[in-house]
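Subject: Structure for your review

Dear colleague,

Please find below the structure that I am handing over to you. My notes on what was found in it follow directly after.

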Amino acid sequence: MRYLIFTDIHGNLEALNTVLNLAETKSIDRYLLLGDLVGYGADPEEVINKIQGIECISTIRGNHDKAVANIDSLEGFNAVAAAAIVWTRENLSDENMHFLSQLPKGPLTVHENITLCHGAPFDEDYYIFGELDAAEAFSYIDTPLTFFGHTHLPFVYSLKNGLVKGSYISGNEEKVVLEKDTKYLINPGSVGQPRDRNSLTSCAIYESEKNKVSFFRMKYDIEKAQDKIRKAGLPPSLAERLSLGV
Ligand SMILES: [Fe+2]
């Protein structure tokens, strides 16, 4: 089975299209989406419509999805993120607001014993930023393989014989072969707002028969996404950060 692992689209339709085009060329069987479909970018409605059109997809909610859907308040969001959430609320159809509001909370276990979470398995809003965080997260997980998002950084954490190791994945088509007797927490990076000073859109493909996860970084039409953000009246810094990868 081939899975596309993707997360943190944040209303960036151009980046999402690039990732879905890759999926088509790679004969993907199932799609696993780890939350934050909206917030920041100018195409929340179109992004949700695209996601709804995908068969065989499992999706969980992210912190921005929750805030847009009024499940959470704007407390804890900085001024720019909060402004984007308010804009997104005003620019979504009732139908798609409802879609966001009913997205399941992680952690969620799907298919071949795979866990999905947005932030961490013990708190969907928590950022896993290092080996200590990962060690705590592993203690909450029974499945060998967990995918997470939220940090917008492509990363692999492994747990073997009580030892946690973290590796940042910087390259395109970088591959990680999953070992037996090892647990993994894997972040595919962000589709719509990468933050590792690399502006390329990010996703991963997991091939369960081969026990392999491949990471992908691809160019997409950043200028178009930026132009839409500026024209929509969203904070201009949201356009600028896309080309900086921050
Ligand atoms: Fe996010």
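How many bridges join strand β1 to strand β11, and in which relative direction do the two strands run? Four bridges connect β1 (residues 2-6) with β11 (residues 201-207), and the two run antiparallel. Please note that this is a predicted model. One position of the pairing can be named: Arg2 has Glu207 in β11 as its bridge partner.

Both strands belong to an open sheet of six strands, ordered β3-β2-β1-β11-β12-β9, with mixed pairing. Its edges are β3 (57-59) and β9 (174-177); each has a single partner strand, so one side of each is left without a neighbour in the sheet. On average, neighbouring strands of this sheet are turned by 20° against each other, direction ignored. In general, the strands of a sheet pair through backbone hydrogen bonds, either parallel or antiparallel. Helix α1 (residues 13-25) lies across β1, β11 and β12, and runs at about 25° to β11.

The largest nonpolar core has 61 residues, and those touching the most other members include Ile5, Leu32, Phe147, Cys203 and Ala204. Beyond its neighbours within four places in sequence, Ile5 is in contact with Leu32, Phe147, Pro188, Cys203, Ala204, Ile205 and Tyr206.

Is Val213, a residue of strand β12 (residues 212-218), buried or exposed? Val213 counts as buried because it has 23 C-beta neighbours inside 10 Å, where 20 or more are required. Not counting residues up to four places away in sequence, Val213 touches Val176, Leu178, Ile186, Ala204 and Tyr206.

Yours sincerely,
A colleague

Methods
Residues numbered from 1 in each chain as written. Predicted model: local features only at pLDDT ≥ 70, side-chain atom pairs only at ≥ 80, totals over all residues. Core = buried A, V, L, I, M, F, W, Y, C linked by C-beta atoms within 7 Å. Buried ≥ 20, exposed ≤ 12 C-beta atoms within 10 Å, placed from the backbone. Contact = placed C-beta atoms within 7 Å. Pairing = 2+ DSSP bridges. Axes fitted to C-alpha atoms, helices over the stretch in contact; angles between N-to-C directions.
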